Amino acid sequence: MEAPVRSDRVFFETYPHPAIVNVLRLDRRVAYKKGRVGHRRRKLAWLGRKLLGELPMRSPRVLDTAALSFVLGRDLEPSKGKALKAAEDAIDAVVCAFCAASWLELGASGNEIIGSPGHGMMIFPKRDH
């Protein structure tokens with residue numbers, strides 16, 4: 001027996017890299033997951049600072065809380081291995097949560113949609129919204 005469909009739930013797929021490019025109005029993705037540890041730390045720290053400065057200014061507005069500052073603005077210098085991967089995952093989670101909030105608040109008018117309902121879609125905040 002198939003589970004009933006709930007119309008009050010929306011599921012979609014998003015990826016942090018294209019969302020970051022749009023949110024920060026970049027020319028290309030930030031390679032914060034590749035390379036030597038020092039390179040990854042620098043790129044991830046730069047990305048965190050940029051997102052911390054940008055997300056509270058965007059719509060939907062992200063509150064600049066201590067938790068957000070911890071995730072996006074923490075010192076990554078001592079991080080390596082699992083700790084660095086956890087920092088990457090936390091930043092990705094913030095970006096993906098922002099994508100979901102953008103979809104809930106702005107819908108199709110404020111988001112870039114690739115694909116179509118029923119066939120699979122990826123959703124990212126529009127670059128200049």
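## Buried, exposed and in between

Let's start with a definition: a residue is buried if its relative accessible area is under 20%, exposed if that area is over 50%, and partly exposed in between. Take R25 as a test case: its relative accessibility is 39%, so it counts as partly exposed. Keep in mind that the structure you're looking at is a predicted model.

R25 is worth a second look. You'll find it in the loop between α1 and α2, just after the end of α1. Its phi is near 55°, which is a positive value in a residue other than glycine.

## The whole chain

Now zoom out. The chain has four helices and two strands, and if you read along the sequence, they come in the order α-α-α-α-β-β. Put a box around the C-alpha atoms, along the principal axes, and it works out at roughly 50 × 35 × 30 Å.

How much of the chain is buried? Of its 129 residues, 38% are. There's also the matter of who touches whom: if you take the contacts between residues at least 6 apart in sequence, 55% of them join residues at least 24 apart.

## Helix α1: mostly covered

Helix α1 covers residues 16-23, and seven of its eight residues are buried. Those buried residues are P16, H17, A19, I20, V21, N22 and V23. What's on top of them? The cover includes α2, α4, β1 and β2.

## Helix α4: 26 residues end to end

Helix α4 runs over residues 81-106, and you can check its length yourself: at 1.5 Å a residue, its 26 residues should span 38 Å, and its end C-alpha atoms are 37 Å apart, so the two values agree. (The expected span uses 1.5 Å times one less than the number of residues.) Just after α4 comes G107, with a positive phi of about 60°.

Plenty of α4 is tucked away. Its buried residues are L84, A87, E88, I91, D92, V94, V95, F98, C99, S102, W103 and L106. They pack against α1, α2, α3, β1 and β2.

One of them, E88, makes a nice close-up. This residue of α4 has a relative accessible area of 3%, so it is buried. Leaving out residues up to four places away in sequence, E88 touches Y32, K33, R40 and L44.

## How the helices cross

When two helices pack, they're described by the angle between their axes and the distance between the axes. Try that on α1 and α4: their axes come within 10 Å and cross at roughly 70°. Angles of 65 to 115 degrees count as roughly perpendicular, so that's the label for α1 and α4. Where they meet, α1 brings P16, A19, I20 and V23, while α4 brings D92, V95, C96, F98 and C99. Sorted by class, this contact has eight nonpolar residues, no polar ones and one charged one.

Next up are α2 (37-54) and α3 (66-73). The axes of these two helices come within 8 Å and cross at roughly 150°. Angles over 145 degrees count as roughly antiparallel, which is why α2 and α3 are described that way. On the α2 side of the contact are G48, R49, L51 and L52, and on the α3 side are L68, S69, L72 and G73. Here the residues divide into four nonpolar, three polar and one charged.

## A cis bond in a loop

Between α2 and α3 there's a loop, and P60 is found in it. Look at the peptide bond that joins S59 and P60: is it cis or trans? It's cis, with omega at about 5°.

## The two strands

After the helices, the pattern ends with two strands. Strand β1 is residues 111-116 and strand β2 is residues 120-125; they run antiparallel, and six bridges join them. Which residue of β2 does I113 stand opposite? That partner is I123.

The two strands form a hairpin with three residues between them, and in this hairpin G118 takes a positive phi near 85°.

Definitions and conventions. Residues are numbered from 1 along each chain as its sequence is written. This is a predicted model: local features need pLDDT of at least 70, side-chain atom pairs count only at pLDDT 80 or more; totals for chains, interfaces and linings use all residues. Side-chain values use heavy atoms; hydrogens and water are left out. Two strands pair if DSSP finds at least two bridges between them. Buried means under 20% relative accessible area, exposed over 50%, partly exposed in between (1.4 Å probe, protein chains only). Contact means heavy atoms within 4.5 Å. Axes are lines fitted to C-alpha atoms, for helices over the stretch in contact, and angles run from 0 to 180 degrees between N-to-C directions. Angles under 35 degrees count as roughly parallel, over 145 as roughly antiparallel, 65 to 115 as roughly perpendicular and the rest as oblique. Ala, Val, Leu, Ile, Met, Phe, Trp, Tyr, Cys and Pro count as nonpolar, Asp, Glu, Lys and Arg as charged, and the others, Gly among them, as polar.
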